[in-house]
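Subject: the model you asked for

Hi,

Here is the structure I promised to hand over. Have a look at it first, and then read my notes underneath.

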Amino acid sequence: MQQGFEESSAARTLKLESHDTHEVHCSRERSRAAWQIIDDYLMPFVEEEGYQISADCRLHPDNDLFRDQERHKIHLDVNEWRCGYCKKSFRAERFLDQHFDNRHYNLLNVNQSKCLADLCGALHCDFVINSNLLKAKCNPAAATRNRHLCESLANSCFPISQGPSARRLHELFLRQFCDAHTCSGKAKPFPRGGKKQTNLLYMATSILLMMLLPLFYLLYYLYQRDMKQETQVLRRVSQVGRKAKPS
Ligand SMILES: [Zn+2]
């Protein structure tokens, strides 16, 4: 199953990348997926080390064409998205995306001309977007290319020469993102985990505890009440017994 995914991912990345070079177009959806992956599976470790990613690193927020617009999305309710620039409201995120494309295209960070979606091959975007797409053949050339891109990211973002923190993050990046670029299908992406997983686990545990606590108190209360009633009945019985004796 894992091998199937690797194959599909590699093939589709290959297709997408050749498509992108012809149209000089950057996908907002895939850029968002790439950012989500960076935020979930890399940033927790970067923050833990107190490490500053340099602007030369393509994972730096400034190198995401859409970062400014994405930051100006206000999610008020399930069905209400607001534009942070002009305060107009929309029923779904995709309408807000369209609005950004139509009305605020001048605010795109085009000077950098860096498309975060281009890194999708290295960052396993397909694994996150379509983890159920598990067919097609593994393309060893594409897997090798993604691995090279991945390793070049590790080198430029966390240069080993920059001290112990950078060295540790370099190592982490290779394990977390690069090892899975292989057709052997053995390594999975993000083996070190990330933000979402710990949060989900934490939330599930808290919810379970919050549900179990009242139940525990209810049972304890009922037990206590039963005990009281029993002792009262016993007392009454013994009183009746005592009263009954003299007569
Ligand atoms: Zn607007």
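To start with one residue: is P164 buried or exposed? P164 is exposed, because just 9 other C-beta atoms lie within 10 Å; the cut-offs are 20 or more for buried, 12 or fewer for exposed, and partly exposed in between, with C-beta atoms placed from the backbone. P164 is found in helix α9. Its C-alpha atom is 9.6 Å from that of E49, and the two are 115 residues apart in sequence.

Before going on, a word on what you are looking at. This is a predicted model, so I took local features where pLDDT is at least 70 and side-chain atom pairs at pLDDT 80 or more, while totals for chains, interfaces and linings use all residues. Residue numbers start from 1 along each chain as its sequence is written.

The overall picture

The chain has 10 helices and 3 strands. Helices are DSSP runs of H or I with at least four residues, strands are runs of E with at least two, and both are numbered from the N terminus. Read from the N terminus, the order is α-α-α-α-β-β-β-α-α-α-α-α-α. Of the 247 residues, 24% count as buried. As for contacts (C-beta atoms, placed from the backbone, within 7 Å), 73% of those with a separation of 6 or more are between residues 24 or more positions apart.

The sheet

The 3 strands form an open, antiparallel sheet in the order β1-β2-β3; strands pair if DSSP finds at least two bridges between them. β1 and β3 (89-90) are the edge strands, each pairing on one side only. Helix α5 (residues 93-103) packs on this sheet and touches β1, β2 and β3, and its direction makes about 15° with that of β2. For angles like this one, axes are lines fitted to C-alpha atoms, for helices over the stretch in contact, and the angle runs from 0 to 180 degrees between N-to-C directions.

β1 (residues 73-77) and β2 (residues 80-83) run antiparallel and are joined by 4 bridges. The hairpin between β1 and β2 has 2 residues. Among the bridge partners, I74 goes with R82 of β2, and H75 goes with W81 of β2. How many of the 5 residues of β1 are buried? The number is 0, so β1 lies largely in the open.

Past β2, K87 is found in the loop to β3. K87 has a positive phi of about 65° although it is not a glycine. K87 is exposed, with 8 other C-beta atoms within 10 Å.

UniProt, in an unreviewed entry, lists residues 83-104 as "domain: C2H2-type". Its positions are in the numbering used here, feature names are shortened, and annotations may be inferred rather than shown by experiment. In the model, residues 83-104 are 50% helix and 14% strand, and the end C-alpha atoms lie 10 Å apart.

α8 against α9

The axes of α8 (residues 140-157) and α9 come within 9 Å and cross at roughly 155°. That makes the two helices roughly antiparallel, the term for angles over 145 degrees. R147, C150, E151, L153 and A154 of α8 make the contact with H170, F173, L174, F177 and C178 of α9. α8 passes α9 in a right-handed crossing, where the near helix is turned clockwise from the far one by less than a right angle.

The loop after α9

T182 sits in the loop between α9 (164-178) and α10 (195-244). T182 is partly exposed, with 18 other C-beta atoms within 10 Å. Leaving aside neighbours within four places in sequence, T182 is in contact with A143 and A187. The C-alpha atoms of T182 and A141 are separated by 9.7 Å, although these residues are 41 apart along the chain.

F190 lies in the loop between α9 and α10 as well. Why does F190 count as buried? Because 20 other C-beta atoms lie within 10 Å. Phi of F190 is near 55°, a positive value in a residue other than glycine.

The stretch in α10

For residues 200-223, the unreviewed UniProt entry lists "transmembrane region". In the model this span is 100% helix and 0% strand, with the end C-alpha atoms 34 Å apart.

Best wishes

Technical notes: Contact = placed C-beta atoms within 7 Å. Parallel < 35°, antiparallel > 145°, perpendicular 65-115°, else oblique.
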